[in-house]
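This report describes the overall build of a single chain and then turns to one helix within it.

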Amino acid sequence: MEIYRHACPRNCFSTCGMLSYIEDGKLMKVSGDAKHGYNQGRLCAKGYAYTQYVYNPYRLKHPIRQTPRGSGNWKRISWEEAYDTIADKILELNKRYGSNLASGYNKFSGNIGLLHYAVEGMFNSIGPHTKPIGNPCLITGERAMRKSFGQMNSIMPEKMAEMNAVVIWGANPAVTNVHQMKFILQARQKGAKLIVIDPIFTRTAATADIYIQINPGTDGWLALGVAKLLIESELYNQEFVHNQTVNWEEFHQYVNEQVDLHEVCRKTGISFDVICELVSIYSIPKPCATWIGFGTQRNENGGQNISAINTLALLGCHSGKGNRSVYYSHNGIDDFPVNLLNHEGPEHPTVQHSREIDINNFAENASKLVDPPLKFLWIALRNPLSQDQDFQAWESLMKELELIVTVDLFMTKSAELSDIVLPAASHFEEMDLNVSYWHHWLSVNEKAIPPYYEAKSDLQIARELMKKLNDRSPGFSNFPSERKPIDWIREELTPSVKKLYSIESIDDLLECPRLRTEEVTKSSSSSFKFRLFSQGNKGTFTNSFNRGKSDVEESYPFQLLTPQSLLKIHSQYEALPWLNQGAEQEVVELSEYAAEKNGILEGDKVELFNQYGKIAAIARISRFLPQKVVLVNQAGKNPINRLIVQKPQKNKGKSSMNFYDSSVNIRKWCENDG
């Protein structure tokens, strides 16, 4: 039996090191890689289920074409026919409009391996086109972190085991980052306290020493209230804030004049005694980890929430090392040139730049494009019809497009409304290079098995399609089709990368994953000045939880929260029997208040609805849920995005999706309405 080394490429904190066991060219089992210092030989349930993922009967086997779109009338076609059809459309649109702006793509993080930037490289290689910008998941928080600390890198998450306390704001690692829990447990075995602040009584909250149930979207108010008490009690690190912050006087004046502790208690739903307990945690002169979850910035107050929590962490007496005990995200990818993403295409005589669309309002904005309109769309590494807000806008856009191509492993909702669907390779069938947005390990992903039927990697598709375009129209694309995966990986391993990860060549990574060496960053330098919460530049809060009583809000009085599931990542893994036993029906979790108000009993079929749409689900009643919160976990079959619409953003591509600002109502299901 042969053994190969891999990295799980899903959009997950862990990017686990994996081993595959191959017999006669077939994947027999997977295990965790004991040489990977983060997951340390363990996987989550999704990782152990990969044999079902690779050899799933629902997996796409061949290129297929649907005529007409949405009919379900699929016909198997050859890769050659698929490439011919796509190349013909790109070239025809170029001739019709005089540029490639009518051609575009929508791609995100279904696979976070570096070579999957082949999608961007492919489109870059034909010159200016239409592309998404931004990040629906975490960019609001990332901007707040950079504003506070100047950069994104935190210390190794393994060092959370050395902390005196761990305060988790709006994260649920017992579900979304299971391997981090062992480091938290190690800290607690040494006497550390675990404090969880979350509107939902999560699996992580159930293990905590202190659980603080906060009103959704009000984390920043709580942080400022604790900071105010720290200052009034002179329990903050005075030398640090006076010498290494740029706006101490401004912030001091703000909390004195604008932060009223009675108002903080009212907005957050948290008592004064609990605020005092947090003061005692943050004032202990020992290391305290502050973990800010992505959920804290998925609302209108997102950036302010994170800025306020950052400020509280800086005030604490352990703050002499700046943000080195604040965890949000680690941008390991910043170490690399990411050559595929940054591939420079040919210049156009009249069009200077590609046309950019905020990914959070992609469908709505794409429908408004003129001169030229968007006519060809390539969808890869995501399933927007399952995950994106404004479902109706996507349905409208797809009717306007002349050709839609989706690349995926399974027939997703987006694939169902495409013209051509191309079968994608799994990470066991391709070579790649992987870093995490949480831990500091670098891993190579080996190709271990032949492709599943006719599946191909994004890089192989790019190489072959761009060659086809150049055969039809010489010089149309400058994509280096002759370059193989190993060539791209070697180019990523620059001298600076090799130094950072203590390697000489890719051969070192084939032996084991490598840990990034700690660097002296500007935020740990005594000359760097940190920025505290600022009233300017949108530093004030909107009252997103205790909204006014408009007609719309009276009609939809409940706040919808949509956290991640334990056994799925968005619509991925929905076809795996091991992970979906008893999951035929969608579930909505209600408070006892909401159930009684609407005459709903446990197990009733109910309908969530608002002005944008409706979904049906089975009611589960929880005594732990806040009165005016309803909860639906994200899952592939649940069109929860029918209920979510993002407000237009002034700063294109610079805000995350405000998933948690959605209001709904609930009623018993009526068959006549269905």
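## Burial and contacts

In this predicted model, 62% of the chain's 674 residues count as buried. Among contacts with a separation of 6 or more, 76% are made by residues 24 or more positions apart.

## Overall fold and dimensions

The chain holds 24 helices and 25 strands. Its radius of gyration is 25 Å, close to the 26 Å that the globule rule gives for 674 residues, so the chain is as compact as a globular protein of that length. Along the principal axes, the C-alpha atoms fill a box of roughly 75 × 70 × 55 Å.

## Surface and charge

About 26700 Å² of the chain is accessible surface, and carbon and sulfur atoms contribute 48% of that area.

Positive side chains number 74 and negative side chains 76. The centres of these two sets are 1 Å apart.

## Helix α5

Helix α5 spans residues 139-149 and is mostly covered, with eight of its 11 residues buried. The buried positions begin with the run Ile 139, Thr 140, Gly 141 and Glu 142. Ala 144 and Met 145 are also buried, as are Ser 148 and Phe 149.

Which elements cover these buried residues of α5? The cover includes two strands, β11 (288-292) and β12 (326-327), together with helix α14 (302-315). After α5 comes Gly 150, which has a positive phi near 85°.

Technical notes
Residues are numbered from 1 along each chain as its sequence is written. This is a predicted model: local features need pLDDT of at least 70, side-chain atom pairs count only at pLDDT 80 or more; totals for chains, interfaces and linings use all residues. Side-chain values use heavy atoms; hydrogens and water are left out. Helices (H or I, at least four residues) and strands (E, at least two) are DSSP runs, numbered from the N terminus. The radius of gyration is taken over C-alpha atoms; the globule rule is 2.2 Å times the number of residues to the power 0.38. Buried means under 20% relative accessible area, exposed over 50%, partly exposed in between (1.4 Å probe, protein chains only). Contact means heavy atoms within 4.5 Å. Accessible areas come from the Shrake-Rupley method with a 1.4 Å probe; for residues, only the protein chains shown count as cover. Lys and Arg count as positive and Asp and Glu as negative; His and the chain ends are not counted. The place of a charge is taken as NZ of Lys, CZ of Arg, CG of Asp or CD of Glu.
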